[in-house]
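Please load the model in a viewer and keep the selection panel at hand. The tour below proceeds from one selection to the next.

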Amino acid sequence: MVLVQYPRQLCRRHVDVRRYPRKRSSACSRGLERNLGFRGYSKSRRVFCAALEHDGINTQPLEVIIAGGGLGGLFTAICLLEKGFKVTVLERTAEYKPLGGPIQLASNGMGVVHAISDELAERIQSVSRPFWSTRSGIRDGLTSKWMFTFDAITEIPAADNLPFSLCIDRSDLQAALIDHLNSISPHNDVVRLDSGVSRYERSDEGVLVELEDGRTLSGDILIGADGIWSTVRSQLFNENCQSTQDKFAVASYTGFKLYSGLPQVELSEYFDIGYCAFIGPNHYFVVCPDRNGRVQWYAFVRTPPHTPNCEAPKETLREIFTEWAPEVKCLIEATSAGSIVQRDLLDRAPSITKSWADGRVTLLGDSCHATMPNIGQGTGLAFEDGYVLAHMLAAVQSRSDIPRTLQRFYRCRIIRTSIIQGLGRLNSEAIKFLTPLLPIRSVVDFFLSPLLPRIFFLQFKYCYSLCPIRVESHDSVRIAAMMNERHFAETLSAWAGSEDSSGPHKTQ
Ligand SMILES: Cc1cc2nc3c(=O)[nH]c(=O)nc-3n(C[C@H](O)[C@H](O)[C@H](O)COP(=O)(O)OP(=O)(O)OC[C@H]3O[C@@H](n4cnc5c(N)ncnc54)[C@H](O)[C@@H]3O)c2cc1C
């Protein structure tokens, strides 16, 4: 056993699944130690305690301010609290509202959750569904035939004893993180809502953060976890992201406008599919069954840059996808026009030439490595950032070490995050390359079918490679079965109680 032990108080209020027995291979831990870029990781709690004797850190624990209480900011706060830091999360929104549909929390993301807290992992499992033993992959957008499947989503966790990937609503994940934060912070005062950060000043002694309403707050470290249009990043990189024009200037437009919907639909394959991408001429359409009988869909529509959002998105989508598979058309029909969300899809190039750490300020998550959604890794990477940063800060022996430690954090994370950002972009470009070839489908099948599953296998293998815990696959089977049982029951009950008198839309 090489990893740090965390408190394991268990709260069973929220859970209907049992904990993973924790098995940690020393080989895994050594690999992680190398990934983290420092030694003595296994002793970090002891090193931290020794550090308390220096520099007054024992009488005054490091005070960390996190700008942004999204998924990355909240998870980082949990990691830092577990290490004994004083943490304040400043979140711009005045109230957390249910927003957005399901996201994939992949094996690496779940791995760091388990390494921080089994209780948090259970909270998350209790409101999600497993990808384990479901079918995911790419389908022909016109005929809906499967072209390639991503069997690696189950095969790699089974072979390497990793926690399996989950599908969870963004708001359920956010609620699980907030519940957990409240359970481990004595006064429930870590997250401050209605507290948008407008700027900061940094010195050798600390950081002074100014809020949009003029209030100020000081601390030892500022972490910018305020998303792709981060205010902290704008100041650190001297960028302006106020207008759409500015955004197009500092980020790269991927060539796609993204439309999305989350209707309740009785999809015939609802329980069998993890997620799938229908690819067809020019565009692609991603389908991901959610919970409670809902289905998330994303239409990636090739669109020239600076095209304004359309007034009647449902009509536009009907037209674009008129020749497509029945599943695609049914999902568009099942979605009310007013609920269709549209946005330009932008991502950022990896920050290879300029560090995202500066003195006592650093970035994490989307603020420094926003990643294309098609690789399903943005949240996992943000969680890894929080986990790695907390470990590194726990080894700080003196406040004067902070700037050096934040630079090490940048160096430790830049290669992995850049590779995964690159893979996300590559997938998107590959689809642009593949779709014009669909009319000669048999040639595609002959040349690419044997190759692509291997490429995807390597891609998943790399993404899942930072995972600090090991799980026996028979435990995964058992836990996935329990999660599925709950998922079936709540879905059937949601379909039965659909507000629409004719019941939810159905597909063949
Ligand atoms: C369509 C789509 C699908 C996706 N699917 C997946 C998926 O399947 N799997 C996956 O892992 N990832 C997915 N992602 C990516 C994932 O959502 C992000 O990578 C992840 O949410 C990043 O977390 P974050 O905390 O860095 O940023 P965010 O979640 O964006 O949080 C930023 C927070 O900062 C707050 N904020 C902003 N400015 C300020 C300010 N000045 N002061 C204070 N607070 C501020 C915001 O209100 C917000 O709460 C997807 C993204 C998109 C767009």
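Which residues does Ile352 touch, not counting residues up to four places away in sequence? Select Ile352 together with Ile414 and Ser418: these two are the residues that Ile352 touches, contact being defined as C-beta atoms, placed from the backbone, within 7 Å.

Two conventions apply throughout. The model is predicted: local features need pLDDT of at least 70, side-chain atom pairs count only at pLDDT 80 or more, and totals for chains, interfaces and linings use all residues. Residues are numbered from 1 along each chain as its sequence is written.

**Stop 1: the surroundings of Ile352**

Ile352 lies in the loop between β18 and β19 (357-358). Helices (H or I, at least four residues) and strands (E, at least two) are DSSP runs, numbered from the N terminus. Is Ile352 buried or exposed? Ile352 is exposed because 9 other C-beta atoms lie within 10 Å; the cut-offs are 20 or more for buried, 12 or fewer for exposed and partly exposed in between, with C-beta atoms placed from the backbone. Add Ile415 to the selection: Ile352 and Ile415 are 63 residues apart in sequence, yet their C-alpha atoms are 8.4 Å apart in space.

**Stop 2: the sheet**

Next, select the strands β6, β5, β15, β16, β17, β13 and β18, which in this order form an open sheet of 7 strands with mixed pairing. Two strands pair if DSSP finds at least two bridges between them. At the edges are β6 (146-149) and β18 (341-347), each pairing on one side only. On average, neighbouring strands of this sheet are turned by 25° against each other, direction ignored.

Now restrict the view to β13 (residues 252-261). This strand runs antiparallel to β17 (residues 295-302), with 6 bridges between them. Ser260 has Tyr298 as its bridge partner in β17, and Lys257 has Val301. Another 6 bridges join β13 to β18, also antiparallel; here Leu258 is partnered by Arg343 of β18.

**Stop 3: the helix across the strands**

Select α11 (residues 326-333), which lies across β13, β15 (273-279), β16 (284-289) and β17 and runs at about 75° to β16. Axes are lines fitted to C-alpha atoms, for helices over the stretch in contact, and angles run from 0 to 180 degrees between N-to-C directions.

**Stop 4: the ligand shell**

Finally, select the ligand and the 30 residues around it, of which Gly68, Gly70, Gly72, Gly365 and Gly378 come nearest; a residue is near if its C-beta atom, placed from the backbone, lies within 6 Å. The elements α3 (71-82), β3 (102-105), α12 (366-369) and α13 (378-394) each supply at least two residues of this shell, and α13 gives the largest share, 4 residues.
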